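Open the model in your viewer and keep the selection panel at hand. The tour below goes from one selection to the next.

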Amino acid sequence: MAYTIDRFSAEVTAAIAATGRVPVALIETTTPKPNIPADLAFPAFKAAKELGVAAAQLAADLAAAIVPAKDSLIGVVSAAGPFLNFALQPQHLATAVITEIIALGPRYGHQQEGVGKTIVIDYSAPNIAKRMHVGHIRSTIIGQALVNIFRALGYSVVGDNHLGDWGKQFGVVLASIEREGKPQSSGETALEELEAMYARYANEMKDHSALDDRARHWSLALEHGDSEARALWQWAIDLSMDAAQRNYERLGVTIDHAYGESFYEPMLDGVIQEALASGAAYRDEGGAVVVEELDKNIPTFLLQRSDGGTLYMTRDLATIKFRMDAFNPARIVYVIGEPQSLHLRQLFALVRQMGYTGETELVHVSFGTVFDNKGKPLSTRGGNMVYLEALLDDAVQRALAVVEHKNPELPAAEKQAIAEAVGVGAVVYNDLYQDTRRNITLDWERMLATEGNSATYLQYSVARCRSILRRAADTGSAPGNDPQLFRVLEHPAEQQLLKQLARLPEAIREAGARYAPFVVADWCYTTARDFGVFFEQCPVLKAESVTLRDARLALVAATAQALINGLVLLGIRAPERM
RNA sequence: GACCUCGUAGCUCAGUGGAUUAGAGCGCUUCCCUGCGGAGGAAGAGGUCGCGCGUUCGAAUCGCGCCGAGGUCGCCA
């Protein structure tokens with residue numbers, strides 16, 4: 001599928017090549033800054049240097065030599081110093097963009113680059129026996145957005161929820177249950193009790209080695225299939241996943257698999273043996289399996305404890321082997337916090353050394369830590385932890401209050417649904433509107449803002465579009481569908497909006513290439529702003545002519561569609577009205 | 001000590017080699033409802049792009065060195 005924006009780019013390259021003045025290899029075009037009145041530019045510096053002429057002269061010669069065909073997307077071609085500028089032909093732009101959005105509907109922006117390739121995305125990964133909190137929301141939300149984006153790019157995406165359901169930490173959970181008894185409550189309350197028990201135990205464990213031994217004992221019992229340990233373990237998993245599932249549903253998160261760390265238990269011996277056999281690891285005097293000097297910047301780490309227990313790293317190693325066998329992916333993407341970047345560098349270095357991954361690309365999409373408004377990291381012990389369910393509930397309550405104020409006449413059920421979409425959307429957007437690598441400060445007011453660069457503003461823009469279309473339908477008019485009609489959309493605000501709509505495919509590609517959902521978020525925001533300007537300057541229902549009205553209605557419909565497509569990728573719903 | 005991430009307007013962020021005005025939002029100062037949703041739009045004030053040296057015709061952008069913030073570094077995950 002060649003989108004309008006791609007055809008324009010291809011036509012520009014072809015037009016330059018057709019002059020015979022510049023070798024094709026030297027034709028690189030760039031998107032000019034917004035203040036430049038052009039849509040694509042050819043900076044002539046390199047080519048001019050290569051050809052031994054002045055850049056400005058080359059640009060001027062090319063401008064004179066290029067004559068776009070009548071049906072070309074290329075409009076005005078001009079030289080501005082050393083730059084050769086190409087503008088889109090306004091009428092052809094309008095026709096091409098609107099017809100392709102109408103034709104593709106929900107698939108507008110989707111493409112084929114990933115067809116035939118598989119990507120495994122590892123995300124969310126909540127800890128069993130704990131509530132989900134703001135620390136988990138980032139991986140969950142960013143991961144799901146990446147899943148959506150790569151699917152839109154045509155990849156076969158396998159999402160995997162790598163549950164923290166194993167290891168010594170779980171031994172601590174079991175030991176604390178042994179000591180204090182199993183919580184009798186249910187749901188998040190039971191998880192809250194488990195967390196408190198865990199915290200008490202872990203705290204005392206630091207000074208009492210007997211407690212530490214007991215935790216290790218339970219972790220080994222679990223590994224060895226002890227029935228009591230397994231029964232408690234399964235109970236904790238069911239309890240935790242029920243709670244997690246409620247959060248996932250609200251967030252629009254669906255994860256294909258949830259193998260969890262425990263799934264890899266039977267494979268751990270095998271990978272340890274392979275690591276030893278390959279020479280990547282050795283067993284030291286104490287019995288621990290050590291990997292060292294993979295690279296001068298990779299510190300030594302362990303694959304097995306001296307007591308025979310396995311580690312996070314052991315399970316991650318087995319996980320990669322399993323994923324290669326099961327999915328043969330082109331890439332495996334880990335959506336995990338920045339503090340784990342060393343762990344992943346170590347893991348990646350080891351699997352490459354062992355030859356597990358071949359051509360497969362291993363990627364760490366890291367994200368920053370969440371801090372409270374005083375700049376302190378969120379922690380259960382610090383008493384400033386924010387739990388996901390409570391966060392969502394609070395956001396929805398606030399949204400509901402606004403809906404009640406703005407649109408009191410709506411049915412109660414619809415108001416509730418709107419509040420859910422707006423509240424949850426705000427929380428989601430807070431994690432997606434900026435580069436994920438940054439640390440974020442939990443600023444309640446900023447997060448739940450309904451103005452400016454916010455989810456609410458994007459949803460509001462869609463609602464305004466829908467409102468116009470509803471009113472049009474009420475009076476018997478409808479968006480035009482004759483491509484020739486759209487040629488009348490020559491107003492600067494219309495042209496600006498059309499160009500922005502044309503860029504969605506490009507934005508999705510870039511978001512994928514950079515593992516950066518914020519690129520899509522940014523596109524949505526810019527689109528909403530361009531629509532806002534159009535809305536002020538170009539009356540639709542009261543346009544000067546029926547022709548113009550119907551063409552504008554089509555532009556409004558196309559805007560709503562494209563904006564919704566972008567929001568869907570982010571996991572944000574857009575209510576019909578709000 | 002080593003390594004990783006980040007440092008752009010009062011605050012939150014885009015901009016990741018190109019065009020004599022570095023862009024948004026919030027906040028601040030003004031303005032726009034006899035037109036489709038004011039959860040909107042327009043205008044203004046506000047910046048030594050952490051600092052220095054270098055590479056280049058050209059650097060917020062690339063390299064090196066400092067400074068500052070956050071993080072990590074064999075038996076947690």
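What follows is a short walk through a predicted model, with a selection to make at each stop.

**Stop 1: the domains**

Start with chain A and colour it by domain. The domain assignment gives domain 1 as 4-88, domain 2 as 118-257 + 320-371, and domain 3 as 388-570. Domain 2 is therefore to be selected as two segments, because the assignment lists it as 118-257 + 320-371. Now look at domain 1 and domain 2 together: their centres, taken over C-alpha atoms, are 52 Å apart.

**Stop 2: the RNA**

Select RNA strand B and the protein residues within 4 Å of it. Which residues come nearest to RNA strand B? There are 70 residues around the strand, and Glu 261, Leu 302, Lys 406, Arg 464 and Arg 514 come nearest. Of the atoms of RNA strand B that come within 4 Å of the protein, 64% belong to sugar and phosphate.

Colour this surface by residue class. It has 31 nonpolar, 17 polar and 22 charged residues.

**Stop 3: three polar contacts**

Show the side chains of Arg 437, Arg 438 and Tyr 525.

- Arg 437 has a polar side-chain atom 3.3 Å from a phosphate oxygen of RNA strand B.
- Arg 438 also places a polar side-chain atom by a phosphate oxygen of the strand, at 2.8 Å.
- For Tyr 525, the partner of the polar side-chain atom is a sugar or linking oxygen of RNA strand B, 3.1 Å away.

Next, bring up the elements that give two or more residues to the surface near RNA strand B. Among them are helix H2 (45-51), strand S3 (83-88), helix H11 (312-327), helix H12 (341-354) and helix H19 (518-537).

**Stop 4: H11 and H12**

Keep H11 and H12 and hide the rest. Their axes come within 10 Å and cross at roughly 50 degrees. H11 and H12 are therefore oblique to each other. In this crossing, which is right-handed, H11 passes H12.

**Stop 5: H19 and H20**

Finally, select H19 together with helix H20, residues 546-570. How do these two helices lie, roughly parallel or roughly antiparallel? The axes of H19 and H20 cross at roughly 155 degrees and come within 9 Å. Angles over 145 degrees count as roughly antiparallel, so that is how H19 and H20 lie to each other. The crossing of H19 past H20 is left-handed.

Methods: Residues are numbered from 1 along each chain as its sequence is written. Chains are lettered from A and ligands numbered from 1 in the order in which they are written. This is a predicted model: local features need pLDDT of at least 70, side-chain atom pairs count only at pLDDT 80 or more; totals for chains, interfaces and linings use all residues. Side-chain values use heavy atoms; hydrogens and water are left out. A polar contact is a pair of N or O atoms within 3.5 Å; within protein, one must be able to donate a hydrogen and the other to accept it, and residues adjacent in sequence count only if both atoms are side-chain atoms. Helices (H or I, at least four residues) and strands (E, at least two) are DSSP runs, numbered from the N terminus. Ala, Val, Leu, Ile, Met, Phe, Trp, Tyr, Cys and Pro count as nonpolar, Asp, Glu, Lys and Arg as charged, and the others, Gly among them, as polar. Axes are lines fitted to C-alpha atoms, for helices over the stretch in contact, and angles run from 0 to 180 degrees between N-to-C directions. Angles under 35 degrees count as roughly parallel, over 145 as roughly antiparallel, 65 to 115 as roughly perpendicular and the rest as oblique. A crossing is left-handed if the near helix is turned anticlockwise from the far one by less than a right angle, and right-handed if clockwise.
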